[in-house]
Amino acid sequence: MSPWLVVGLGNPGPQYAGNRHNVGQMVLDVLAARMSGSFTSHKARAAVLDGRLGMLPGGAPGPRVILAKPGSFMNVSGGPVGALVKFYDVDPAHLLVVHDELDLPPDTLRLKLGGGEGGHNGLRSVSQALGTRNYVRLRVGVGRPPGRMDAADYVLRDFAPAERADLAVTLEQAADAVEDVVTLGLEKAQLRLHTAV
């Protein structure tokens with residue numbers, strides 16, 4: 001049985017850690033806390049945490065999950081992700097990529113399988129490296145930039161202090177969604193997430 005590989009997209013280094021573009025990696029930090037583990041360096045140019053996530057129906061420990069933060073810049077995430085898929089022998093159907101999404105309002109979450117990249121260079125790089133778009137994505141809405149601000153400048157800015165209380169809730173909800181995907185399957189996870197009030 002293929003393990004799950006959950007990738008949080010972002011840019012490396014402390015100067016980017018609070019950026020909207022790094023919200024995928026913020027979700028992984030919440031998941032790492034739930035797994036009571038810490039990230040270690042992997043030869044595939046990534047920080048990884050290999051463990052079990054959640055509980056299966058009946059109370060058995062959840063499935064094996066590898067959390068991964070690529071050590072490359074967002075636009076070339078495909079190299080590390082492709083290397084990790086190969087190293088851990090992950091079926092692309094068991095790859096879940098968590099990323100920021102300009103086309104969703106802030107604090108909105110959407111799960112989907114496959115589809116286009118919507119101008120997201122990190123996703124494009126992953127799809128090219130894998131030779132397929134058929135992997136699961138958790139889209140974390142960050143909204144559109146205000147006024148005439150360039151989208152690239154917007155995603156490379158930190159969340160504003162006023163946004164951080166809502167962000168903390170969103171990160172927990174995103175972690176719940178990831179846990180649901182790996183323990184219940186994508187369809188049940190989508191139903192639970194997309195019908196939540």
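What radius of gyration would a compact globule with 197 residues have, and what does the chain have? The globule would come out near 16 Å and the chain has 16 Å, which agrees (taken over C-alpha atoms; the rule is 2.2 Å times the number of residues to the power 0.38).

Before clicking around: this is a predicted model, where local features need pLDDT of at least 70, side-chain atom pairs count only at pLDDT 80 or more, and totals for chains, interfaces and linings use all residues. Residues are numbered from 1 along each chain as its sequence is written, and side-chain values use heavy atoms, leaving out hydrogens and water.

Start with a cartoon of the whole chain: six helices and seven strands (DSSP runs numbered from the N terminus; helices are H or I with at least four residues, strands E with at least two).

Now select the sheet. Its seven strands form an open, mixed sheet in the order 2-3-4-1-5-7-6 (a pair needs at least two DSSP bridges). Strand 2 (40-42) and strand 6 (109-113) are the edges; each has a single partner strand, so one side of each lacks a neighbour in the sheet.

Next, pick 46-52 and 64-70. These are strands 3 and 4, antiparallel and joined by seven bridges. Zoom in on valine 48 and you'll find alanine 68 of strand 4 opposite.

Then bring up helix 1 (23-34), which lies across strands 1, 3, 4, 5 and 7 (contact means heavy atoms within 4.5 Å). Helix 1 runs at about 140 degrees to strand 4 (axes are lines fitted to C-alpha atoms, for helices over the stretch in contact; angles run from 0 to 180 degrees between N-to-C directions). Last stop, helix 2 (78-87): it lies across strands 1 to 5, at about 165 degrees to strand 1.
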